[in-house]
Amino acid sequence: QGRDDAPPLALVRIGDPSLFAPNDEFQQHLGIEVPIVDLGIGEATAAGRIAEVIKAFEPVFELHEPSAIVVAGSSDAALACAIVAAKRDCPLVHADLALCGPARLAADVNAGLLARLAVDLGPVPPAGDAAAAGLTADAVALARSKRVAPATVLRQSGAPLRALVDRQGYALVVLDAAIEFGDRRRLTALLTELREASAVLPLVWPLQRATAARLEAFGLRTFLKSERIAVLAPLPYSDFIGLMDGARCVLTDSRDVLFEAQLLGVPGLTIGPLPATPGAAGAGSPYSKAALEASTRQP
């Protein structure tokens, strides 16, 4: 935004507009002011969602006639926009091109296809990871400077305050891929583990809508009904960092979250295998009851 020689930007957000509400406040903190186009694409199968996004995105492309399209992540929506770019001979930049793991999960299949469609920017220099880490560090520092106290976040969310009253504090839970790609048997085992973990430390879990819907579909949401588990709606980034900053530890399947926890000096415990991302920053210890108990003994 600070470069006069850069082309103007337009931000296309795909999905329920309410999903992006938690980011709006932080975007204002960053001073980002760009036109926003919301494409409200509903739930569908992977193929159906890709088709719907292509149909909705093509008129946006024709209106703006972009010089390039930038996509982040490896979702079906990102792949759909990439297909439109390829059909219109428009350069595609995949922001996460250097962070693709092996093609095991659905998102990794998309990542492989996106890598084929994106422009060839050459090998990523070693400084690339450091630059990405620096951007994350800047975001965490900004959010931390505007953080809201964990007690206030929980009170405003209507969640019980038992997590903060507990003598040993609370553990913050952030799980996405494990829920999105797990079958009912694996999710049952995972939620059973979390209930057992809550006996050691109360859990605070900001639950994304898609994650909640998947648990509902499997009839597993009742596993989270416990006085020791505080389930929250999606949070603004500053509130999320505030909760993480006040946690005894973080239970997650996300490298990004592990790195954020590392920046804040909060122990990170990994649940399930992390996707292989060569050179990615952030490392955590595998989750176990013993590891969780050990985190409560740290000064």
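Here is a short conversation about the predicted model shown above.

Residues are numbered from 1 along each chain as its sequence is written, and side-chain values use heavy atoms, with hydrogens and water left out. Because the model is predicted, local features need pLDDT of at least 70 and side-chain atom pairs count only at pLDDT 80 or more, while totals for chains, interfaces and linings use all residues.

Student: How many helices and strands are in the protein chain?
Tutor: Helices (H or I, at least four residues) and strands (E, at least two) are DSSP runs, numbered from the N terminus. On that basis, the protein chain has 13 helices and 10 strands.

Student: Which strands stand at the edges of the open sheet of six strands?
Tutor: Strands pair if DSSP finds at least two bridges between them. The order is β7-β6-β5-β8-β9-β10, with parallel pairing. Each edge strand has a single partner, so one side is left without a neighbour in the sheet; these strands are β7 (229–232) and β10 (285–286).

Student: Which residue in β7 stands opposite Pro206?
Tutor: Strand β6 covers residues 203–206 and runs parallel to β7, joined to it by four bridges. Opposite Pro206 in β7 stands Leu232.

Student: At about what angle does helix α12 run to β8?
Tutor: Axes are lines fitted to C-alpha atoms, for helices over the stretch in contact (heavy atoms within 4.5 Å). Angles run from 0 to 180 degrees between N-to-C directions. Helix α12 (residues 255–264) lies across β5, β8 and β9, and its angle to β8 is about 170 degrees.

Student: Which helix supplies the largest share of the largest nonpolar core?
Tutor: Such a core is a set of buried Ala, Val, Leu, Ile, Met, Phe, Trp, Tyr and Cys residues joined through side-chain atoms within 4.5 Å, where buried means under 20% relative accessible area, exposed over 50% and partly exposed in between (1.4 Å probe, protein chains only). This one has 26 residues, and Leu175, Leu194, Trp205, Leu215, Leu251 and Leu292 touch the most other members. Contributors of at least two residues each include β5, β6 and α13. The largest share, five residues, comes from α9.

Student: How far apart are the end C-alpha atoms of helix α3?
Tutor: The expected span is 1.5 Å times one less than the number of residues. For the 12 residues of α3 (residues 76–87) that gives 16 Å, which agrees with the model. Buried residues of α3 include Leu79, Cys81 and Val84. The end C-alpha atoms of α3 are apart by 17 Å.
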